[in-house]
Amino acid sequence: MTHGTGSRGPVAQGRHTVVVGGGLAGVTTALALADAGVRVTLLEGRPRLGGLAFSFQRGELTVDNGQHVYLRCCTAYRWFLDRIEGAALAPLQDRLDVPVLDVARPAGRRLGRLRRDALPVPLHLGRSLATYPHLSLADRAKVGRAALALKGLDLADPALDTQDFGSWLAAHGQSERAVEALWDLVGVATLNAVAGDASLGLAAMVFKTGLLSDPGAADIGWASVPLGDLHDRLARKALDSAGVRTEVRTRVTSVSHDGNGGWSVQVPGETLQADAVVLAVPQREAHDLLPAGALDAPERLLEIGTAPILNVHVVYDRKVLGRPFFTALGTPVQWVFDRTEASGLREGQYLALSQSAAQDEIDEPVAVLRERYLPELERLLPLTRGAEVKDFFVTRERTATFAPTPGVGRLRPGSRTKASGLYLAGAWTATGWPATMESAVRSGVSAADAVLGALGRPRPRHLFEFEEAA
């Protein structure tokens with residue numbers, strides 16, 4: 001069965017865009033276009049929306065596949081939360097405060113904190129760094145100097161993308177300890193790579209934007225409900241209200257010119273006709289759907305590597321952690337979040353360990369991970385020692401993000417292709433950000449903007465407000 005858009009005369013209300021992929025990039029594109037009066041069909045192969053930021057049921061628990069956070073400087077994702085009426089369900093900290101436990105220090109002296117004061121940049125972090133117990137006095141002084149050097153880098157300089165962050169840090173006097181206790185603490189969680197494997201361009205962008213732009217930029221937010229409530233249920237409601245036709249369990253098999261200046265999008269049992277198509281799918285999938293000639297060097301998409309994230313989930317019979325989250329040093333454990341309330345657990349406590357850059361562990365058997373992580377949690381959290389483990393399981397995202405390796409910048413395409421009416425979206429496109437929810441939403445806005453320009457439609461002002469705020 002074929003859905004056509006009718007005659008292709010002057011730009012009319014009936015212009016039709018097909019968005020392929022229902023992750024954050026695709027949902028954003030669809031909402032932005034529908035808000036501008038374009039008819040939109042959104043196609044997603046999975047049974048739900050949300051891409052790689054989703055939830056599933058495990059018995060009575062509602063489990064997120066991975067712990068996702070965002071920062072106050074993530075203006076596009078915050079716009080997205082507002083647009084789907086979900087901002088209250090993913091609150092931000094009043095003020096950045098990250099508890100850091102160092103296993104190597106004696107009990108009672110393990111806790112350090114990274115937090116900000118209500119002072120202008122860079123003084124907002126001055127007191128926190130001056131009293132941070134996990135770095136020597138000499139290291140603290142050198143961290144300040146490296147931060148100022150970072151602040152002076154020009155993010156538009158393509159040479160930054162050819163260097164690795166680890167070498168730059170070493171050249172700026174950062175010891176291995178400083179990298180572990182500070183730079184990688186933040187960098188691994190945001191970039192999904194250790195400093196030595198990360199592009200200086202992307203690392204500089206993260207630290208300049210998050211820590212050196214605005215005093216509140218790095219305040220952390222995360223969902224107090226399952227991610228599916230936001231990225232699937234509320235997103236679907238917003239799409240329905242905007243008049244988007246959303247089809248899940250619908251895998252696109254081909255995208256081709258229709259001979260009339262438009263596009264044919266093939267799904268099992270149906271061909272959709274469209275004036276514009278946005279491929280908002282992972283880079284390999286986009287590569288396979290691209291018609292010949294759409295990009296100068298489509299093989300570059302296959303050169304964008306991927307990086308895994310492992311999440312370890314532990315349910316205890318009692319409360320073992322008194323704070324919403326912490327991060328740790330001297331242990332394989334990276335970031336630990338309390339997911340008890342969000343998951344619907346009625347008794348005990350449910351902790352989720354988010355393990356980024358998990359290349360060495362992503363395929364380890366659950367039994368091996370259990371033997372590794374339960375004793376580590378006992379070292380970090382004394383109350384776990386007498387507690388019973390009611391459940392232990394892992395979730396694995398083998399291709400959670402694109403790998404932010406040096407040189408990746410030249411591989412990331414913009415939203416426009418050489419094929420008229422065909423556009424790209426996804427965290428892996430050239431947003432300037434690493435593979436985050438923010439990057440995904442920005443890519444969707446960028447793709448929608450390109451489509452509106454081609455269709456001669458005005459930009460809805462509210463959609464681009466976040467750019468001015470950034």
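The buried residues of helix α1 are covered by elements that include β2 (16-20), β3 (39-43), α2, α8 (227-242), β14 (276-279) and α13 (437-455). This is a predicted model. Within α1, 11 of the 12 residues are buried, so the helix is largely enclosed by the rest of the structure. The buried set is L24, A25, G26, V27, T28, T29, A30, L31, A32, L33 and A34.

The length of α1 agrees with expectation. At 1.5 Å a residue, its 12 residues should span 16 Å, and its end C-alpha atoms are 16 Å apart. After α1 comes G37, which has a positive phi, near 90°.

**Packing of α1 on α2**

One of the elements covering α1 is α2. Helix α1 takes in residues 24-35, and helix α2 residues 75-83. The two pack at an angle of about 65°, and their axes lie 11 Å apart. Their crossing is left-handed. On the α1 side, the contact is made by L24, V27, T28, L31 and D35. On the α2 side, Y77, W79, F80 and R83 take part. Six of the contact residues are nonpolar, one is polar and two are charged. An α-helix has 3.6 residues a turn, so residues three or four places apart point the same way. The α1 contact residues include L24, V27, T28 and L31.

**Helix α7**

Helix α7 covers residues 200-211. From first C-alpha to last, its 12 residues reach 16 Å, close to the 16 Å expected at 1.5 Å a residue. Helix α7 is mostly covered, with 11 of its 12 residues buried. Those buried are L200, G201, L202, A203, A204, M205, V206, F207, K208, T209 and G210. Their cover includes α4 (137-151), α5 (165-171), α6 (176-191) and β19 (389-402). At the start of α7, S199 places a side-chain oxygen within 3.1 Å of the backbone nitrogen of G201.

**Three single residues**

The table gives the setting of S356, V194 and S241.

| Residue | Location | Relative accessibility | Class |
|---|---|---|---|
| S356 | loop between β18 (349-355) and α12 (366-380) | 7% | buried |
| V194 | loop between α6 and α7 | 34% | partly exposed |
| S241 | helix α8 | 66% | exposed |

S356 counts as buried because its relative accessible area is 7%, under the 20% cut-off. Leaving aside neighbours within four places in sequence, S356 is in contact with V188, A189, N192, P308, I309 and Q334.

V194 sits in the loop between α6 and α7. Not counting residues up to four places away in sequence, V194 touches D184 and V188. V188 is also among the contacts of S356. V194 and D184 are 10 residues apart along the chain, and their C-alpha atoms are separated by 6.0 Å. At 34% relative accessibility, V194 falls between the 20% and 50% cut-offs, so it counts as partly exposed.

S241 belongs to helix α8, which is among the elements covering α1. S241 itself is exposed, because its relative accessibility of 66% is over 50%. S241 and A34 are 207 residues apart in sequence, yet 9.7 Å apart in space, C-alpha to C-alpha. A34 is one of the buried residues of α1.

Key
Residues are numbered from 1 along each chain as its sequence is written. This is a predicted model: local features need pLDDT of at least 70, side-chain atom pairs count only at pLDDT 80 or more; totals for chains, interfaces and linings use all residues. Side-chain values use heavy atoms; hydrogens and water are left out. Axes are lines fitted to C-alpha atoms, for helices over the stretch in contact, and angles run from 0 to 180 degrees between N-to-C directions. Helices (H or I, at least four residues) and strands (E, at least two) are DSSP runs, numbered from the N terminus. A crossing is left-handed if the near helix is turned anticlockwise from the far one by less than a right angle, and right-handed if clockwise. Contact means heavy atoms within 4.5 Å. Ala, Val, Leu, Ile, Met, Phe, Trp, Tyr, Cys and Pro count as nonpolar, Asp, Glu, Lys and Arg as charged, and the others, Gly among them, as polar. The expected span of a helix is 1.5 Å times one less than its number of residues. Buried means under 20% relative accessible area, exposed over 50%, partly exposed in between (1.4 Å probe, protein chains only). A polar contact is a pair of N or O atoms within 3.5 Å; within protein, one must be able to donate a hydrogen and the other to accept it, and residues adjacent in sequence count only if both atoms are side-chain atoms.
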